[in-house]
Amino acid sequence: MTSNNNIDTTVNGKEQAEAAVPQDPGRRKFLNTAALTGLAGATLSVGLASCKQETTPATGAASAPGAAAAGAAGDMRVERAPGELDDYYGLWSGGHSGEMRVYGIPTGRELKRIPVFNPDLLTGWGITNESKKILGTKPNGDLKYRTGDTHHVHASYKNGTYDGKYAWVNDKIHSRLARVRLDTFECDKITELPNVQGFHGIFPDKRDPVDPNINYTTRVFCGAEFHIPLPNDGRDLDNPEKYGALFTCVDAETMEVRWQVRVDGNMDLCASSFDGKLAACNQYNTENGVHFEDMMSAENDACVFFNIARIEQAVKDGKFTTYGDSKVPVVDGTQAGNPDPKTALTCYVPVPKNPHGVNASPDGKYFISAGKLSPTATVIELEKVLGFFNGDVASTKDCVVAEVEIGLGPLHTAFDGRGNAYTTLFLDSQMVKWNVDAAIKYYKGDTSVKYVVDRLDVTYQPGHTNASMSETMEADGKWLGVGNKFSKERFLPVGPLHPECEQLVDISGEKMRLVADHPVWPEPHDFIIMRRDIIKAQQVYNPDDFPAGIKDASESRVERNGNKVTVHIGSQAPMFSLREFEVKLGDEVTVFLTNFDKVEDLTHGFALPRHDINFIVNPGETRSVTFKADKPGVYWYYCTHFCHALHLEMRGRMIVRK
Ligand code: CUK
Ligand code: CUA
Ligand code: CA
């Protein structure tokens, strides 16, 4: 089945590329700085206004969900009958909502919103003492930050594929890395990175570069986008030479920061190699520009590669510095500091122009970085990068094995495990499917090779894309998600703030087939799609994991220590184990609530009027809140989570005596 909006691929690579924008082939040439400054606004608005995508309404109807033949690719139905489960977990970032989200794929059913950096009214994340401890507080007990901006979700690996243990997500605003357990789907640790701002790209490593027994994730790499004075303490505000950006390694288990590398230029997205030896970040500001135009002045930026084993040796050998109050060792990864490739910690491979995105191909051979302001994708061969570090490859340029035109505004790339790459074209509002080996042949000089396989219009302005298991050696080439930044008229209008449009594409065949549109609350960036058998979700808690909890109703009690009162309550549908408790005006009250119910899906809530308290406890769980009893009177605490026929009756009195 073919979508009627696919643009035919034509006879050679040049035309393959030009077919995307026949009206203005000149735009494909690299633009000078003045033009680029205009491009950021002008081309975008042209793209939006011209709306060539509006000719595609038939697509969804023509490829009705479930219409695809099951065939060799297996079950490619997009719908699921009532009670039927999805095949994949989709883990989505939530952008400046600060959260992470879980969708079932292929249906797109939303299964969970995981509060991470965002205080959450339903669960009490940011209200309970336990979550505040993870989020971090000021000396007065308030949250240190109440904002967050999540972009990239990636998960832990073992043997080249997901092990279902952890996912990580970044906070760009405050440069924090959060870890989410994939058994409970809850955030369990947050680390604030020192010496950086605009922490953007993350990627876990896939094995140790040295120890062959460590074939799983032990590090998470973090790229920082913004240059800041080092140290950032009020000195050197106006001296760009004192500004720098650092690449950070965080321990996957302890979540402590292990080391940092100072680089030339900035960092954006991040990727790690399957052999554990390399990580890389694309750089759009090798100019070290402080202003917009400065960041677009160079024809080439770079993809900076990190030699992990050498960096860790340098740290061991004490070849590092520290900045300000931070104790984290910072090694020198600048070009000036690394003149000899045979000892260099870093390798800067040129990539045109303000590249966005770097993705590792599932065969372990290549990293692909897209040009953003150049219509090209650059294919970097990792063997050659290792060769450069050994002194066998003369120039960083020689690590590039293909640089081919694919369309306007290329950003992120996914893979199907059959040798094809799928890249989002932000300005063209398209997905382009292209063959990596064919692109390499074409770049070598065989211009008879067709490397563009297919194009699909998407709605509109896609950012990230990912395919089922695409970031693993088990990439299965079934489903492709496309995260579109603009939905425009695709859904019922709901006022000026539009939902984003996440689209699902069947990539099991030669042609891409658009099968679903989903409105999503702004604004996810990146996501991964993981086979469901990998995740072993814990459906109830083990009470032993909560030593502060009480075991049964007989342990319910109120303890006083000066003006500090601790209340232990249990919940078991449809009752709280304390029907009332009494405190004195001015007391600092801590309520521990333990859910005695062990039945799956039997959650209770605890809301306390006029004290701004609301949180839930899941089966087996204990949580606590601390507040001041600063108003005399009677306050009914009640269960917020519908748990029983007598749920409404599930309440008790807090008496605050003058
Ligand atoms: S960035 Cu959003 S489209 Cu933060 Cu991954 Cu490329
Ligand atoms: Cu307990 Cu509702
Ligand atoms: Ca640049």
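Q: Why is Phe 388 called buried?
A: In this predicted model, Phe 388 has a relative accessible area of 10%, and buried means under 20%, so Phe 388 is placed in the buried class. The residue is found in helix H6, which spans residues 382-390, and the C-alpha atom of Phe 388 is separated by 7.9 Å from that of Cys 347, which is 41 residues apart from Phe 388 along the chain.

Q: What makes Glu 287 partly exposed, and why is Asn 354 called buried?
A: Glu 287 has a relative accessibility of 22%, and since buried means under 20% and exposed over 50%, Glu 287 falls in between and counts as partly exposed. Asn 354, with a relative accessible area of 4%, is under the 20% limit and is therefore buried.

Q: Which residues coordinate the calcium ion (ligand 3), and how do you know that they count as donors?
A: The calcium ion (ligand 3) is coordinated by Tyr 284 and Met 295 through O, by Glu 287 through OE listed twice, by Asp 301 through OD listed twice, and by Asn 354 through OD1. The distances run from 2.2 to 2.7 Å, and for Ca the donor cut-off is 3.2 Å, so these atoms count as donors. In sequence the donor residues are spaced Y-x2-E-x7-M-x5-D-x52-N.

Q: Why can Glu 287 and Asn 354 be said to tie together parts that are apart in sequence?
A: Glu 287 lies in the loop between strand S14 (278-283) and strand S15 (300-307), while Asn 354 lies in the loop between strand S17 (346-352) and strand S18 (356-360), so the pair ties together parts that are 67 residues apart in sequence.

Q: Where does Asn 288 lie, and what is noted about its phi?
A: Asn 288 lies in the loop between S14 and S15, and has a positive phi of about 55 degrees although it is not a glycine. Most residues other than glycine have a negative phi. With a relative accessible area of 33%, Asn 288 falls between the 20% and 50% limits and is therefore partly exposed.

Q: Is Asn 195 buried or exposed, and what sets its phi apart?
A: Asn 195 has a relative accessible area of 16%, which is under 20%, and so the residue is buried. Asn 195 has a positive phi of about 65 degrees although it is not a glycine, and its place is in the loop between S7 and strand S8 (197-204).

Q: Which residues do the cis peptide bonds join, and where do they lie?
A: One cis peptide bond joins Thr 459 and Tyr 460, with omega about -15 degrees, and Tyr 460 lies in the loop between strand S25 (452-457) and S26. Another joins Pro 522 and Glu 523, with omega about -20 degrees, and the place of Glu 523 is in the loop between strand S29 (513-520) and strand S30 (527-531). Most peptide bonds are trans.

Q: How do you know that the largest pocket lies between domain 2 and domain 4?
A: Domain 2 (86-185) and domain 4 (543-657) both give residues to the lining of the largest pocket, so the pocket lies between them. Its volume is about 1400 Å³, and of the 42 residues that line it, the closest to its centre are Lys 112, Thr 184, Glu 186, Tyr 541 and Asn 618. Strand S3 (109-114), helix H4 (129-135) and strand S7 (186-192) are the elements that give two or more residues to this lining, and S3 gives the most, with four. By class, the lining of the largest pocket divides into 17 nonpolar, 11 polar and 14 charged residues.

Q: What lines the second largest cavity, and from which domains are its residues drawn?
A: The structure holds three cavities of 30 Å³ or more, and about 70 Å³ of space lies in the second largest. Its lining residues include His 154, Phe 203, Val 358, Glu 471 and Asp 526. S18 and strand S26 (462-467) are the elements that give two or more residues to this lining, with S26 giving the most, three residues. At least three residues are drawn from each of domain 1 (1-73 + 406-520) and domain 3 (193-355 + 381-397).

Q: What surrounds ligand 1?
A: Ligand 1 is surrounded by residues including His 151, His 152, His 200, Leu 269 and Lys 485, and its shell divides into one nonpolar, eight polar and one charged residue.

Methods
Residues numbered from 1 in each chain as written. Chains lettered and ligands numbered in written order. Predicted model: local features only at pLDDT ≥ 70, side-chain atom pairs only at ≥ 80, totals over all residues. Heavy atoms only, no water. 1 Å grid on protein atoms, 1.4 Å probe; cavity = no way out; pocket = protein on both sides within 12 Å on 5 of 7 lines; lining within 4 Å. Points joined across faces, edges and corners; volume = space filled by probe spheres on them. Nonpolar A, V, L, I, M, F, W, Y, C, P; charged D, E, K, R; others polar. Domains from an automatic or database assignment. Near = heavy atom within 4 Å. Donors = N, O, S within 2.8 Å, 3.2 Å for Na, K, Ca; no water. Buried < 20%, exposed > 50% of the residue type's maximum accessible area, 1.4 Å probe, protein only.
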